[in-house]
Amino acid sequence: MGRRLPAFFDRSSKKWVVMTEPLPKYAQQLSRSLSMRENILVTLSAVTPASSVFIIAPAVLLGAGGAAVTAFLIAAAAAVFVGMCYAELSATYPIAGGEYSWAARLLGKSAGFATFLLTLVTGMLIIAVIALGTGSYLGVVWSGLSGKWIGVAVIAATTLIALLNIRTNAWITGIALTIEIIAVAVLAVLGFAHYERGPGEFFHARTMDSGHLVGVSAGALVAFVPVALFAYNGYGQAVYYVEETRNAARSIGRIIMLSLAITVAVEVIPLAAVVSGAPSMPGLLGAAAPMNYLLTSRGGAAINDAVSVGIAIAIINAVIAIVLQIARLLFASARDRSWPGPIDAVLGAVHTRTHAPVAATIVVGGCAGLAAAFLPLNWLITATGSAVVLVYLMVALSALRLRRAGALPSRGYRMPLWPAPPLIVIAVVLYVAYRVLLDGWAQLAVAVGTMVLGALYYLLYLHPRRGDRWSLPDPIHED
């Protein structure tokens with residue numbers, strides 16, 4: 001709140017009104033140089049749809065057969081409602097801190113810091129997980145490029161790239177994104193050019209069991225929807241660049257929804273092509289790597305090798321984009337005075353020429369590199385598995401509070417049919433949490449434990465110092 005000033009009697013309402021100074025706004029420290037298109041390029045690079053096609057989609061395909069396309073379409077419908085929540089929250093609070101900025105203002109500051117710590121830790125671990133996958137695809141071409149230390153080297157190199165000006169990074173990631181889209185396009189062209197079966201296969205759920213195709217129940221098919229939803233994740237992260245995007249409050253909603261639409265198209269079309277054009281369904285569903293099965297059988301080994309390099313480039317590109325995102329998250333936390341004064345001063349500073357948060361970027365890259373070097377991959381996957389579920393829950397709960405009396409109005413996008421979208425997201429998230437618990441409680445326990453630690457940090461350190469910490473100014477005013 002602003003400082004209290006003398007009150008006056010309003011004759012029209014016949015009430016005493018207490019005047020206050022307006023809340024201060026954040027200073028413009030980052031470079032507001034990105035266009036709408038450039039923000040989309042960086043955002044899609046973090047989503048890395050090509051990696052989803054080759055890494056996540058095969059798990060659904062092997063478990064549901066051609067009906068994997070249906071699972072992805074159902075997930076796309078759910079993702080639209082998530083995107084609506086992100087879009088209006090971003091347009092109302094266009095702040096680089098993203099989800100934690102909304103939760104702190106709409107759900108309470110302890111919930112905000114719990115959300116912050118979850119997104120920070122998860123983001124660093126996701127960088128490690130993605131980078132460690134680089135060697136799997138580079139090793140197809142040259143076995144010497146496989147292994148853990150290739151992933152660590154990728155993190156180090158991409159962290160240096162992330163120190164450049166945001167607009168430079170937008171074009172670097174844009175070029176790499178073009179390469180990964182070409183790789184996915186090759187898969188789609190090969191599939192549709194060798195058309196074997198029609199759209200009816202998209203509703204035929206089956207899998208391989210003891211060398212034979214067997215049917216899959218509707219319940220088992222629905223269980224794959226959360227996996228498909230995770231494959232789309234990342235389109236909402238456009239908000240992390242909102243303070244570097246021109247006309248952000250008016251355009252950020254469209255950026256998020258367009259990023260989602262492109263993501264769905266780039267993932268669903270090649271998946272449908274693979275189902276339609278595979279030489280045989282038993283061969284496809286019996287392959288350890290079904291996408292590579294189609295590439296090799298329809299295009300040959302050379303095409304498979306070339307596309308594998310493209311996917312490796314996609315993974316590296318995603319690491320750059322996610323380092324950029326999490327660095328801005330850490331920068332925003334220091335600007336909100338989340339840490340002891342000297343730490344805030346370092347992490348909240350930007351380079352005078354590039355306007356990049358240098359220290360925050362180095363810390364994020366360093367922590368991710370250490371995680372990749374010394375933590376087991378299985379543990380990293382477990383630690384990040386349920387984080388998206390809880391982040392979506394906090395986003396949906398925040399969206400439910402958006403239009404309360406006296407709330408800050410959106411300066412751009414307003415979701416249709418409110419409050420239906422956040423309520424639908426909450427229902428989907430609760431179902432996903434249920435499915436996660438059926439598979440094992442460890443993933444959800446790690447995510448919940450991280451949030452509890454964040455809430456405790458706020459209560460024990462920030463709340464007693466609330467006079468000069470976490471005042472949470474209003475979003476930057478765009479001239």
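These exercises on a predicted model each come with a worked solution.

The model is predicted, so local features need pLDDT of at least 70 and side-chain atom pairs count only at pLDDT 80 or more, while totals for chains, interfaces and linings use all residues. Residues are numbered from 1 along each chain as its sequence is written, and side-chain values use heavy atoms, with hydrogens and water left out.

**Exercise 1. Overall form**

Task: State how many helices and strands the protein has, and what its radius of gyration is.

Solution:
- Step 1. There are 20 helices and four strands. Helices (H or I, at least four residues) and strands (E, at least two) are DSSP runs, numbered from the N terminus.
- Step 2. The radius of gyration is 23 Å, close to the 23 Å from the globule rule for 479 residues, so the protein is as compact as a globular protein of that length. The radius is taken over C-alpha atoms, and the rule is 2.2 Å times the number of residues to the power 0.38.
- Step 3. The C-alpha trace spans about 80 × 45 × 40 Å along its principal axes.

**Exercise 2. Burial and contacts**

Task: Find what percentage of the residues is buried and what percentage of the contacts with a separation of 6 or more joins residues 24 or more positions apart.

Solution:
- Step 1. Set the cut-offs: buried means under 20% relative accessible area, exposed over 50%, and partly exposed in between (1.4 Å probe, protein chains only).
- Step 2. Of the 479 residues, 54% are buried.
- Step 3. A contact means heavy atoms within 4.5 Å. Of the contacts with a separation of 6 or more, 80% are between residues 24 or more positions apart.

**Exercise 3. The largest nonpolar core**

Task: Name the residues that touch the most other members of this core, and the helix that gives the most to the core.

Solution:
- Step 1. A nonpolar core is a set of buried Ala, Val, Leu, Ile, Met, Phe, Trp, Tyr and Cys residues joined through side-chain atoms within 4.5 Å.
- Step 2. The largest core has 155 residues, and Leu 61, Phe 72, Ile 127, Tyr 232 and Met 291 touch the most other members. Helix α14 gives the most to this core, with 18 residues.
- Step 3. Not counting residues up to four places away in sequence, the residues touched by Leu 61 include Leu 271, Leu 284, Pro 290 and Met 291.

**Exercise 4. Two helices**

Task: List the buried residues of α13 and of α10.

Solution:
- Step 1. In α13 (residues 290-299), Pro 290, Met 291, Asn 292, Leu 294 and Leu 295 are buried. They pack against α2 (49-64), α8 (166-193), α11 (248-277), α12 (281-285) and α14 (301-335).
- Step 2. In α10 (residues 225-232), six of the eight residues are buried: Val 225, Pro 226, Ala 228, Leu 229, Ala 231 and Tyr 232.
- Step 3. Gly 300 follows α13 with a positive phi near 100 degrees; Gly 234 follows α10 with a positive phi near 130 degrees.

**Exercise 5. Three single residues**

Task: Locate Asp 474, Ser 251 and Leu 163.

Solution:
- Step 1. Asp 474 lies in the segment after α20 (442-462), and is partly exposed at 23% relative accessible area.
- Step 2. Ser 251 is in helix α11 and is buried, at 4% relative accessibility. Beyond four places away in sequence, Ser 251 touches Met 36, Thr 245 and Arg 246.
- Step 3. Leu 163 lies in the loop between α7 (148-162) and α8. The C-alpha atoms of Leu 163 and Thr 361 are 6.8 Å apart, although 198 residues separate the two in sequence.
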